[in-house]
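The following note sets out points for a colleague who will work with the coordinates. Each point takes up one topic and may be read on its own.

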Amino acid sequence: MLTCVLPALLLCASCTLINENGSGWSTDDWTVYRGAPSLCGYTECALPGEPQLLWSATTQTRTEAAPIVYDGYVYTLDRKGCLRRFSTEGDSVLIHDFKTLVEASFVVADSVLYVGRIDGHVNAFDLNSHALLWDFETMGQISGSPNLAGGQLLVGSYDGSLYTLDAKTGKKVSQYETAYYINGTAAVAEGVMLFGGCDAWLRVVDIATGVMTDSLELDSYVPASPAIVDGVACVSDYNGNLYEITLDKGKITSHRKLMASDADNSDADGGVVAMPTLTRSDVYVLSGERSVSCIKRSSGQLRWQKLLRGITGVCAPLVARDKVLVCTKDGHVSIFSAKDGTELWHFETGEPIVASPAIVADCFYVLTTRGTLFCFGKNTL
């Protein structure tokens, strides 16, 4: 079902995402979970000053994977494994059925989509020919999005391994084994990948060799991914501690707590499960049951904290220039000023949200767990 609210004519302008080295590249796409391999969640794309709902379309099928924008289309992958392509006007077509459960987000490069499945398989799918290019099997379910680094695909599995695969052939390049589930996505920074797990250890692994170069034990297990900018990473543990880690040539050279666990730093289920969002000056993190906080990196001091209209969940904030986009697990979408936390805009979808939004030139996409894709932007007519 397609609901057209306003005539949609989207402006096209290039955006810049911070990559793993802190520099940027020009793109009109959103091809990686959280916007960049570093998973920082920051983009130079500007959010509309007064966003309007341009259209919405629903599959009425549970969806947890984040939407991807590539080459003028929006792609969604529901939990049943159905991959759909949406035009910028909201028209959709089913282009492939993986015929198995999928909850992990996916990544696209050079017209090839890479996804991990609940049954432990990793697939490469050609978006042009609609052909399945290769299949790789792990021994456990995959809940985190794959990531890409220099032609290699990085994917964690519940079999306790972080795999490096050749993106073209699907052949295993390396395998780093832990004894615990790997839930999140590995963040990429200067030849290494950084990831946590259910054993509370944060690991730094060389992408080329699959050898661990350093590690750090946190106070609790790590259900979500780290975020990296300029060789500095931030990560949260389940207890609500927020850590800042400095990396240099694969080594952890320093670390500190930016926010310590307390009674207010747990969500409705008893723990923190959303990852932090990192810019060059600040860290943005969900805190408590209904709050979003901004912490100044240089001093570690709280810059501002604002109450959300809904309950925090797994959907971490995104920062677009001077604005912060936040979605709650009970369906509220809000934009705050990055400077002082003033709420600038709000929309209630009426449906739960767990997937990270996608931001491109002057518009953004929000996907609910009920399979409804919302397009917000400028009405240019």
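**Notes on the model**

1. In the pairing of E35 with E36, Val 366 stands opposite Phe 374 in E36. These two strands, E35 and strand E36 (residues 372-377), run antiparallel and are joined by five bridges; two strands count as paired if DSSP finds at least two bridges between them. Four residues lie between the strands of this hairpin, and Gly 371 takes a positive phi near 85°.

2. The model is predicted: local features need pLDDT of at least 70, side-chain atom pairs count only at pLDDT 80 or more, and totals for chains, interfaces and linings use all residues. Residues are numbered from 1 along each chain as its sequence is written, and side-chain values use heavy atoms, with hydrogens and water left out.

3. On the other side of the turn before it, E35 is joined to strand E34 (residues 358-360) by three bridges, and the two run antiparallel. Ile 359 has Phe 364 as its bridge partner in E35. The hairpin of E34 and E35 has two residues between the strands, and Asp 362 in the turn has a positive phi of about 60°.

4. How many of the five residues of strand E35 (residues 363-367) are buried? Five of the five are, where buried means under 20% relative accessible area, exposed over 50%, and partly exposed in between (1.4 Å probe, protein chains only). Cys 363, Tyr 365 and Leu 367 on one side of E35, and Phe 364 and Val 366 on the other, are all buried, and both faces are thus covered.

5. The protein has zero helices and 36 strands; helices (H or I, at least four residues) and strands (E, at least two) are DSSP runs numbered from the N terminus. Of its 381 residues, 62% are buried. Among contacts (heavy atoms within 4.5 Å) between residues at least 6 apart in sequence, 49% join residues at least 24 apart. The accessible surface comes to about 14200 Å², with 47% belonging to carbon and sulfur atoms; the areas come from the Shrake-Rupley method with a 1.4 Å probe, and for residues only the protein chains shown count as cover.

6. One open sheet consists of four strands in the order E26-E27-E28-E29, with antiparallel pairing. Strand E26 (277-278) and strand E29 (302-307) stand at its edges, each with a single partner strand, so one side of each is left without a neighbour in the sheet. E26 pairs with strand E27 (residues 282-287) over two bridges, and Thr 277 has Tyr 284 as its bridge partner in E27. Strand E28 (residues 291-296) pairs with E29 over five bridges, with Ser 291 opposite Leu 307 in E29. E28 and E29 form a hairpin with five residues between them, where Gly 300 in the turn has a positive phi of about 75°.

7. Most residues other than glycine have a negative phi, and most peptide bonds are trans. Leu 39 has a positive phi, near 60°, and lies in the loop between strand E3 (24-27) and strand E4 (42-43). Gln 60 also has a positive phi, near 55°, in the loop between strand E5 (52-58) and strand E6 (68-70). Is each buried or exposed? Leu 39 is buried, at 0% relative accessibility, whereas Gln 60 is exposed, with a relative accessible area of 67%.

8. The largest pocket holds about 670 Å³ of space. A pocket is an open set of points on a 1 Å grid over the protein atoms alone, where a 1.4 Å probe fits, with protein on both sides within 12 Å along at least five of seven lines; lining residues have an atom within 4 Å of a point. Grid points are joined across faces, edges and corners, and a volume is the space filled by probe spheres set on the points. Of the 30 lining residues, Tyr 33, Ser 143, Asn 183, Pro 223 and Val 314 lie nearest the centre.

9. The second largest pocket has a volume of about 340 Å³. Its lining comprises 18 residues, of which Ala 109, Asp 110, Tyr 114, Leu 148 and Ala 167 lie nearest its centre. E10 supplies the largest share of this lining, three residues.

10. His 96 is placed in strand E9 (residues 92-97). Its C-alpha atom is separated by 6.0 Å from that of Cys 82, 14 residues apart along the chain.
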